[in-house]
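This report walks through the fold of one chain, its sheet, its core and its contact with a second chain. Please keep the structure open while reading.

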Amino acid sequence: MANTNSSRAPRSGTAAGMRESIKKAVTEMMVLFLLRQKPMYTYEMSQELTRLTGGVYTFNTLYLAIYRLQEHGYITEAGKQEAGNRLRVYFKLTDAGQRYLDELLPTYREMIGALDSLLAQDGKLYKEE
Amino acid sequence: MYESEVKDYCRRAGSLLACSRAQRQQFDRLTRQSVQEYLQEVPGAPWPEVERTLGSPEEAASAFMESLPPDTAEHWAGAHKCRLRLAAAAVCLVFALLVGVIAFFVITKGVAIIEKETTIYYLDDNSSMPPLPDLE
């Protein structure tokens, strides 16, 4: 029987909820970023992202993000490889995917930069008033 | 492996999907494929771990809806409303028919349908009576 408690989405108004929202917002960007480095299969993407972020970021609904990106034509199958009794489907970025990532990165940096610099002023704002 | 868990997961997520049956089937197919791929890489992984990679049913449903054209949910909601109205009309019609039938029997105090068949034979002195029809 499924563990319903583990599957419940964190609610908004909690730190876990915010974390999930951020993860959701950047999932596509992270998939595109990883595939820009080299073609990967789904499980590899998941493992690599966890490793490269020191376990801070883990993918949720990665397979749906891959499906979405494929539907939009941003990624495509790069080939299949048999490893033991496993069949791995590798994905790679398309030209449209490259362009999309090039659009996403500055937008992301602008947002994060603005928010970071604002948060760095915690307690220093409106001191004169 | 985990057939019943996957079925339950798809059922819970499916209840949150506002899309056509074909799109739901696509969601189920993607989910099963993802579980299969994960178990291929991590054989014997416990279900909660597998489910974590899928995301909660709510997250998965929301992520899947994002992959569909923006007017899908609206279109489906309209079609769903139309189907509900038709179903309500059908239920009302059946109910009205039942009420009508009950009212008929109440007003007529019950009706017994009797089928009666009469055969008259005119017999003269020279003729013999034909065999009686088998009424059974």
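Which residue of β3(A) does Q81(A) stand opposite? The model is a predicted one, and in it Q81(A) faces R88(A) across the sheet pairing.

## Overall fold of chain A

Chain A contains five helices and three strands, and these elements follow one another along the sequence in the pattern α-α-β-α-α-β-β-α. Of the 129 residues in chain A, 25% are buried. Among the contacts in chain A with a separation of 6 or more, 44% are made by residues that lie 24 or more positions apart.

## The three-stranded sheet

The strands of chain A form an open sheet in the order β1-β3-β2, with antiparallel pairing. The edges are taken by β1 (40-41) and β2 (75-83), and because each has a single partner strand, one side of each is left without a neighbour in the sheet. Strands of a sheet pair through backbone hydrogen bonds, in either the parallel or the antiparallel sense.

Eight bridges hold β2(A) in antiparallel pairing with β3 (residues 86-93) of chain A, and T76(A) stands opposite K92(A) in that partner strand. The two strands make a hairpin with two residues between them, and in the turn G84(A) has a positive phi of about 65 degrees. On the other edge, β1(A) and β3(A) run antiparallel and are joined by two bridges, with Y90(A) in β3(A) as the bridge partner of Y41(A).

## Helix α3 and the loop that follows

Four residues of α3(A) are buried, namely T42(A), M45(A), S46(A) and L49(A). Seen down the helix axis, these buried residues fall within an arc of 95 degrees, so they line one face of α3(A). An α-helix has 3.6 residues a turn, so residues three or four places apart point the same way. The buried residues of α3(A) pack against α2 (15-37), β1 and α4 of chain A, and also against α2 and α3 of chain B.

Just after α3(A), G54(A) takes a positive phi of about 60 degrees. Further along, T61(A) lies in the loop between α3 (42-52) and α4 of chain A, and its phi is near 50 degrees, a positive value in a residue other than glycine. Most residues other than glycine have a negative phi. T61(A) counts as buried because 24 other C-beta atoms lie within 10 Å, where the cut-off for burial is 20 or more.

## The nonpolar core

The largest nonpolar core has 39 residues, of which V31(A), L35(A) and I66(A) touch the most other members. Helix α4 (residues 62-71) of chain A supplies the largest share of this core, with seven residues. Leaving aside neighbours within four places in sequence, I66(A) is in contact with V31(A), T42(A), I75(A) and F91(A). In soluble globular proteins, nonpolar side chains tend to be buried together.

## Contact between the chains

How many residues does each chain bring to the contact? Chain B contributes 24 residues and chain A contributes 19 residues. On the side of chain B that touches chain A, at least two residues come from each of α1 (3-14), α2 (21-41), α3 (47-54) and α4 (57-66) of chain B. The helix that gives the most to this side is α4(B), with seven residues. By residue type, the side of chain B that touches chain A divides into 10 nonpolar, six polar and eight charged residues.

Definitions and conventions. Residues are numbered from 1 along each chain as its sequence is written. Chains are lettered from A and ligands numbered from 1 in the order in which they are written. This is a predicted model: local features need pLDDT of at least 70, side-chain atom pairs count only at pLDDT 80 or more; totals for chains, interfaces and linings use all residues. A residue is buried if 20 or more other C-beta atoms lie within 10 Å of its own, exposed if 12 or fewer, and partly exposed in between; C-beta atoms are placed from the backbone. Two residues are in contact if their C-beta atoms, placed from the backbone, lie within 7 Å. Ala, Val, Leu, Ile, Met, Phe, Trp, Tyr, Cys and Pro count as nonpolar, Asp, Glu, Lys and Arg as charged, and the others, Gly among them, as polar. A nonpolar core is a set of buried Ala, Val, Leu, Ile, Met, Phe, Trp, Tyr and Cys residues joined through C-beta atoms within 7 Å. Two strands pair if DSSP finds at least two bridges between them. The arc is that of the directions from the helix axis to the C-beta atoms.
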